[in-house]
Amino acid sequence: MNTNYLFFMKYFFTILALLLISGHVSLAQEDEGPKKRSVVMPDIPGYKTLKADFHIHSVFSDGKVWPTFRIDEAIRDGLDVISLTEHMDFLKESDDLKQDRNRSFQIASAYAKGKNILVINGAEISPRVPPYHNNVLFLKDANLPFDFVKSAQKVYVMKDNANHDQLMAPFLAANKQGAFVVFNHPGNMPAWDVRDTAVLTSFNKELLDKKIMAGIEVVNSGGYNVRAHQLAIKHNLTMLCNTDEHLDTYHRFKDTHRPMTLVFATESSEAAIKEALIARRTALYFEDYLIARQTEAEAFFKAAVIAKTVRSLRKKEEPVLLVKLMNNSDMPFRVALRGGYAMEKYPLGQVELPAHKETTVMLRAMWQYPEQVQFQVDVTNILVSPSESLKTTMTIPVAK
Ligand SMILES: [Zn+2]
Ligand SMILES: [Zn+2]
């Protein structure tokens, strides 16, 4: 080999090494952002199950992170849909930011392109008097009137005598845009105004009567609000579960999963999500609980748990039936199975169905196998009202 060639190779590799060390040339792949966490929640007949958080803040109101962070965070947490609902009447970091209330949405939705996540334009109307905090979703323009505040910058100061029309103005403007209005964290701020102590104040009732308010946050920040649940049922409102995150969801929910609203929509589009919310097709998934109306709760449980049977012999002579319950979702279920069978091992038919596991229940002394077995099922971690768990039946054909 000639020495010129050797000299060249040595020179070449030295330069390459220097470039690699200095970071000018990278052999590693570009950082493509976080991998989407898979949150396995089955679709129900006729609908896709979309995972959503409709109440989040960024530095464009009083949150601590930039809007693009919310997209990466939502992907990390396995969501399909989010809405950045900045306080339209409060810009804590206002000196550093433009005043257009759509900026947060514009930045987030531009960044979300090609990332398989939908961003809905929204805002939080947040007076410290009734009707308190409400989210307005599916806005076309988030610049809503806020004449009820003295200062909406750095610190929040309401006018001393904010009148009804000033407080109503942003709701009417949002309603004109076809917005979906949600009463946020009801009853969480009684100290702000003592003149109207009911959770659903006369102002909220007015919004309800005018068909402006249509939804209610039954779970906010991972906390279940029993009074909000009662109101949802009493007034037939769409139920939502939102984080209301101001920082990073990781710290609050690292030991569980991000609380989310499951939306049962015909497809993954803004119009379909809006239609699903108007039709009240939601379920609230937080900790190991699901809150939904009977129809959606039942459809979800039946989509998640698939049952089959296997004939078998116990101690080589006693005919038994093995009922195999496969839970295909991320959510564990606690059920009580009743059917008059001699069920081995589970007193009162109380069975845990862990996520992504098959649980076998043995029915003993099946001297004559029936055509099918039927259970009355009580799913104790699915709530269909504040005091009722999901009740359903499971009819399982007996294998030949
Ligand atoms: Zn709020
Ligand atoms: Zn909020």
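**Entry 1: the β12 hairpin**

I started at β12 and found four bridges joining it to strand β13 (residues 289–292), with the two strands running antiparallel. Helices and strands here are DSSP runs, H or I over at least four residues and E over at least two, numbered from the N terminus. I count two strands as paired if DSSP finds at least two bridges between them. Before going on, a note to self: this is a predicted model, so local features need pLDDT of at least 70, side-chain atom pairs count only at pLDDT 80 or more, and totals for chains, interfaces and linings use all residues. Residues are numbered from 1 along each chain as its sequence is written, while chains are lettered from A and ligands numbered from 1 in the order in which they are written.

Back at the hairpin, I saw Ala-283 standing opposite Ala-292 in β13. Two residues sit between β12 and β13. One thing caught my eye there: Glu-287, in the loop between the two strands, has a phi near 45°, which is positive although the residue is not glycine. Most residues other than glycine have a negative phi, and most peptide bonds are trans. Glu-287 is partly exposed, because 15 other C-beta atoms lie within 10 Å. My cut-offs, with C-beta atoms placed from the backbone: buried is 20 or more other C-beta atoms within 10 Å, exposed is 12 or fewer, and partly exposed is in between.

**Entry 2: how covered is β12?**

How many of the five residues of β12 (residues 282–286) are buried? I got five of five. Both faces are covered, with Thr-282, Leu-284 and Phe-286 on one side and Ala-283 and Tyr-285 on the other. β12 also pairs with strand β11 (residues 260–265), antiparallel, over four bridges. In that pairing Tyr-285 is the bridge partner of Met-260.

**Entry 3: following β11 to β1**

From β11 I moved on to β1, which pairs with β11 in the antiparallel sense over five bridges. Lys-48 faces Ala-265 there. β1 also has three bridges to β2, and that pair runs parallel. In this case Ala-52 stands opposite Val-81. Eight of the nine residues of β1 (residues 48–56) are buried, so the strand is largely enclosed by the rest of the structure.

**Entry 4: the core**

I then pulled up the largest nonpolar core, which has 98 residues. By nonpolar core I mean a set of buried Ala, Val, Leu, Ile, Met, Phe, Trp, Tyr and Cys residues joined through C-beta atoms within 7 Å. Among the members touching the most others are Leu-284, Tyr-285 and Leu-290. Strand β19 (residues 372–385) gives the largest share, seven residues. The core draws at least three residues from each of domain 1 (48–287) and domain 2 (303–397); these bounds come from an automatic or database domain assignment.

What does Leu-290 touch, leaving out residues up to four places away in sequence? My list includes Ala-283, Phe-300, Met-331 and Ile-382. Contact here is C-beta atoms, placed from the backbone, within 7 Å.

**Entry 5: helix α3**

In α3 (residues 103–112) I found Ser-104, Phe-105, Ala-108 and Ala-112 buried. They share one side of the helix, because they cover an arc of only 90° around the axis, taken over the directions from the helix axis to the C-beta atoms. These buried residues pack against α2 (67–76), β2 (81–87) and β3 (118–125). Gly-114 follows α3 with a positive phi near 80°.

**Entry 6: a cis bond**

I checked omega and got about 10° for the bond joining Pro-130 and Pro-131, which is cis. Pro-131 is in the loop between β3 and β4 (134–137).

**Entry 7: the three-stranded sheet**

Last stop was an open antiparallel sheet in the order β14-β15-β18. Its edge strands are β14 (305–314) and β18 (358–363), each pairing on one side only. Ten bridges tie β14 to β15 (residues 318–327), and Ile-306 stands opposite Met-326. In the loop between β14 and β15 I noted Lys-315, another non-glycine residue with a positive phi, near 50°. Lys-315 counts as exposed because it has 6 C-beta neighbours inside 10 Å.

Terms used:
Two residues are in contact if their C-beta atoms, placed from the backbone, lie within 7 Å.
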